Amino acid sequence: MEEIKKDIRNVTHEELQAFCKEQGWEDYRIRQLQTWIWQKGVISFDEMTNLSLTMREVLKAHWTFLPLKEDAVQTSSDSTIKYRWLCHDGCKIESVLIPVMDEQRFTLCVSSQVGCSLSCKFCATGQMKRIRNLECSEIWDQVIMVDGHCRNEYGHHVTNIVYMGMGEPLLNYRNVLCSIEHITSPEGYGMSPRRITVSTAGIEKGIRRLADDGVKFNLALSLHAADDAKRSAIMPINDQNNLASLMSAILYFHQKTGGRISYEYILFKGFNDTIQDAKLLAGLCRQFPVRVNIIEYNPVEGVNFSRADDAAIDRFGRTLRDLGVMATVRRSRGKDIDAACGQLANK
């Protein structure tokens, strides 16, 4: 079987530099290549018209482009759009575009892995095994392809990106940060890092590494329970990364970066939706400025959790605000499509 060439978009700057030097090409050729790849978003060497035919053939002999292919699209009555992409090796991943028209806010949720190894009990992706990490180019493609669709459909570019799709971003650290580098670069997509949020289920070492690397984007912790016993029951990762260690790591992140921090908290009926749960959560919000996003649950087939009722959601939010916590209720989107993370890819 013929070996698949590497996607040139996953080649490091140093590798590209060494390659061009080996070919005897001038340094400005690197800038030309990067402009075509990241600014113009080409997916073919033939489109690089300011490179000679010979140079393009040399590039083709060494590398290729392995773009995602659109496999399925679902559009909700509330304008949420879910995409399923086909990777070059047959794997399937998801992205979700969430338009908020009156705010001119178009948020894209991207995946970072094929499947996930964390096995959170409420998550559709958690029912899949982790197959592999996504390459930098595969995360980039989600952004560029959905952005093109957003411009055609709504006449507006994607305004915000959240790494909250399939997979745990901090277990694909290098490729996630590589993608953010190109998304925020003036020579790439040019988005402000403050419009990007990376969400983690709670990898202490990864959070500290982000702090040491001085990242400029926002951090979200998928919390979903404010005591270790409950959290471990639904998120096995908590056994190795308990709440005390996570709070310490997030405080370190805040002190080193000053970045905005939020807690994602899905309310499950009869599990984590009481006033006592809200008080415990408020106790985790006192060490540093934090916003709590209270999220309605999108039920997943075969999972024994259900959405908390409206009265419980309102009571929970009101209790947090009375205790001085900045809390927002995020109403569920895409209820009439396979909206929950991993549902469409799992089909």
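**Entry 1: strand E6**

I started at Arg-105 and found it in strand E6, which covers residues 105–109. A reminder to myself before going on: this is a predicted model.

Is Arg-105 buried, exposed or partly exposed? I looked up its relative accessibility, got 34%, and put it down as partly exposed. The strand around it reads another way: four of the five residues of E6 are buried, so I noted E6 as largely enclosed by the rest of the structure.

Next I wanted the neighbours of E6. On one pairing I have strand E5, residues 92–100, which runs antiparallel to E6 over five bridges. Checking who faces whom, I saw Pro-99 opposite Phe-106 of E6. E5 and E6 make a hairpin with four residues between the strands, and in that hairpin I flagged Gln-104 for a positive phi near 50 degrees.

Which sense does the pairing of E6 with strand E9 take? I found it parallel, over three bridges, with E9 spanning residues 160–163. In E9, Asn-160 is the residue that stands opposite Thr-107.

**Entry 2: the positive patch**

Back to Arg-105, this time for charge. It belongs to a positive surface patch, and I listed the other members as Arg-194, Arg-195, Lys-216, Arg-260, Arg-291 and Arg-330. Patch members need over 30% relative accessible area and no salt bridge. Arg-105, at 34%, is partly exposed because that value falls between the buried and exposed limits of 20% and 50%.

**Entry 3: salt bridges**

How many salt bridges are there? My count came to 17. I went through a few of them.

I took Lys-60 and Asp-46 to begin with; their closest N and O atoms sit 2.8 Å apart. Lys-60 is in helix H3 (residues 53–62) and Asp-46 is in the loop between helix H2 (28–39) and H3, so this pair ties together parts 14 residues apart in sequence. For cover, I noted Lys-60 as partly exposed at 26% relative accessibility, and Asp-46 as partly exposed at 41%.

Then I looked at Asp-277 with Lys-230, a salt bridge at 2.9 Å from N to O. This one links distant parts of the chain: Asp-277 is in helix H9 and Lys-230 in helix H7 (residues 228–234), 47 residues apart. Which partner is buried, and which is partly exposed? Asp-277 is buried, with a relative accessible area of 4%, while Lys-230 comes out partly exposed at 23%.

Glu-296 and Arg-307 make another salt bridge, with 2.7 Å between the closest N and O atoms. Here too the pair links distant parts of the chain, 11 residues apart: Glu-296 is in strand E13, and Arg-307 is in the loop between E13 and helix H10 (310–322). I wrote down Glu-296 as buried, its relative accessible area being 6%, and Arg-307 as partly exposed at 25%.

I also noted a network: salt bridges with shared partners join Asp-7, Arg-9 and Asp-141.

**Entry 4: Leu-284**

Where does Leu-284 sit? I placed it in the loop between helix H9 (275–283) and strand E13 (291–296). Loop or not, I have Leu-284 down as buried, because its relative accessibility is 13% and the cut-off for buried is under 20%.

I then compared Leu-284 with Ala-244. They are 40 residues apart in sequence, and I get 9.5 Å between their C-alpha atoms.

Note on methods. Residues numbered from 1 in each chain as written. Predicted model: local features only at pLDDT ≥ 70, side-chain atom pairs only at ≥ 80, totals over all residues. Heavy atoms only, no water. Patch = residues over 30% accessible without salt bridge, like charges linked within 9 Å, V, L, I, M, F, W, Y side chains within 5 Å. Areas by Shrake-Rupley, 256 points an atom, 1.4 Å probe, with all protein chains shown as cover. Salt bridge = Lys/Arg side-chain N within 4 Å of Asp/Glu carboxyl O. Lys, Arg positive; Asp, Glu negative; His and termini not counted. Charge placed at Lys NZ, Arg CZ, Asp CG, Glu CD. Helix = DSSP H or I, 4+ residues; strand = E, 2+ residues; numbered from the N terminus. Buried < 20%, exposed > 50% of the residue type's maximum accessible area, 1.4 Å probe, protein only. Pairing = 2+ DSSP bridges.
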